[in-house]
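Here are some short exercises to work through with the sequence and the model side by side. Try each task before you read its solution.

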Amino acid sequence: INIQLDNKATAESLGMTTKQFNAIKHNIGYFNKQSLIEIFNIITDIDYKLKSGQLPANLIIDYLMLNILSR
C-alpha cells in the first residue's frame, strides 16, 4: 500500500530490505487507490478488534473472509 501510494517511498523509510522493496515495486498496479484504502481499512479494523478483545484470535481468518466476500 505504501509503495504504490507514496512516490517518495524507499526501502529504508518502510523498514524493508532493498530486495523486498524492489520485488514489490515492480509488481504494483493490481489494485486502484480506492481498493488499497478499503483493504487497509479492513486490516486495521481487524487489528483493532483483535487487540481490544472484540475478536477472538481463532476467528481472524473467518472474519477476514466474510469481509472480503461481502464486498
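Helix axes here are lines fitted to C-alpha atoms over the stretch in contact, and angles between N-to-C directions run from 0 to 180 degrees. Please keep in mind that this is a predicted model.

**Exercise 1. The packing of two helices**

Task: Find how helix H3 and helix H4 are oriented towards each other, and say which residues make the contact.

Solution:
- Step 1. Locate the two elements: H3 covers residues 33–51, and H4 covers residues 60–69.
- Step 2. Take the geometry: the helices pack at an angle of about 150°, and their axes are 11 Å apart.
- Step 3. Apply the cut-off: an angle over 145 degrees counts as roughly antiparallel. H3 and H4 are therefore roughly antiparallel to each other.
- Step 4. Add the handedness: the crossing of H3 with H4 is right-handed.
- Step 5. List the partners: from H3 come Ile-42, Asp-45, Ile-46, Lys-49 and Leu-50, and from H4 come Ile-60, Tyr-63, Leu-64 and Asn-67.
- Step 6. Sort these contact residues by character: six are nonpolar, one is polar and two are charged.

**Exercise 2. Salt bridges along H3**

Task: How many salt bridges does the structure hold, and which side chains form them?

Solution:
- Step 1. Recall the principle: side chains of opposite charge can pair when their charged atoms come close.
- Step 2. Set the cut-off: a side-chain nitrogen of Lys or Arg has to be within 4 Å of a carboxyl oxygen of Asp or Glu.
- Step 3. Count: the structure holds two salt bridges.
- Step 4. Take one pair, Lys-49 with Asp-45, whose side chains meet at 3.6 Å, N to O. Both residues lie in helix H3, four residues apart, about one turn of the helix.
- Step 5. Take the other pair, Asp-47 with Lys-51, which meet at 3.2 Å, N to O. These two are separated by about one helical turn because they are four residues apart in helix H3.

**Exercise 3. Buried or exposed?**

Task: Classify the four salt-bridge residues and then Asn-67 as buried, partly exposed or exposed.

Solution:
- Step 1. Fix the limits: under 20% relative accessible area is buried, over 50% is exposed, and values in between are partly exposed.
- Step 2. Lys-49 has 22% relative accessibility, so Lys-49 is partly exposed. Asp-45, with a relative accessible area of 28%, is partly exposed too.
- Step 3. In the other pair, Asp-47 is partly exposed at 34%, while Lys-51 is exposed at 67%.
- Step 4. Asn-67 lies in helix H4. With a relative accessibility of 15%, Asn-67 counts as buried.

**Exercise 4. Along the chain and through space**

Task: For some pairs of residues, set the separation in sequence beside the C-alpha to C-alpha distance.

Solution:
- Step 1. Start with Asn-67 and Asn-41: they are 26 residues apart in sequence and 11 Å apart in space.
- Step 2. Go on to Asp-45, in helix H3. Asp-45 and Ile-1 are separated by 44 residues in sequence and by 16 Å in space.
- Step 3. Turn to Ser-52, in the loop between H3 and H4, which is partly exposed at 36% relative accessibility. Ser-52 and Ala-9 are 43 residues apart in sequence and 31 Å apart in space.
- Step 4. Finish with Ser-13, in the loop between helix H1 (2–5) and helix H2 (18–25). Ser-13 is exposed, with a relative accessible area of 51%. Ser-13 and Asn-58 are 45 residues apart along the chain, and their C-alpha atoms are separated by 33 Å.

Definitions and conventions. Residues are numbered from 1 along each chain as its sequence is written. This is a predicted model: local features need pLDDT of at least 70, side-chain atom pairs count only at pLDDT 80 or more; totals for chains, interfaces and linings use all residues. Side-chain values use heavy atoms; hydrogens and water are left out. Angles under 35 degrees count as roughly parallel, over 145 as roughly antiparallel, 65 to 115 as roughly perpendicular and the rest as oblique. A crossing is left-handed if the near helix is turned anticlockwise from the far one by less than a right angle, and right-handed if clockwise. Contact means heavy atoms within 4.5 Å. Ala, Val, Leu, Ile, Met, Phe, Trp, Tyr, Cys and Pro count as nonpolar, Asp, Glu, Lys and Arg as charged, and the others, Gly among them, as polar. Buried means under 20% relative accessible area, exposed over 50%, partly exposed in between (1.4 Å probe, protein chains only).
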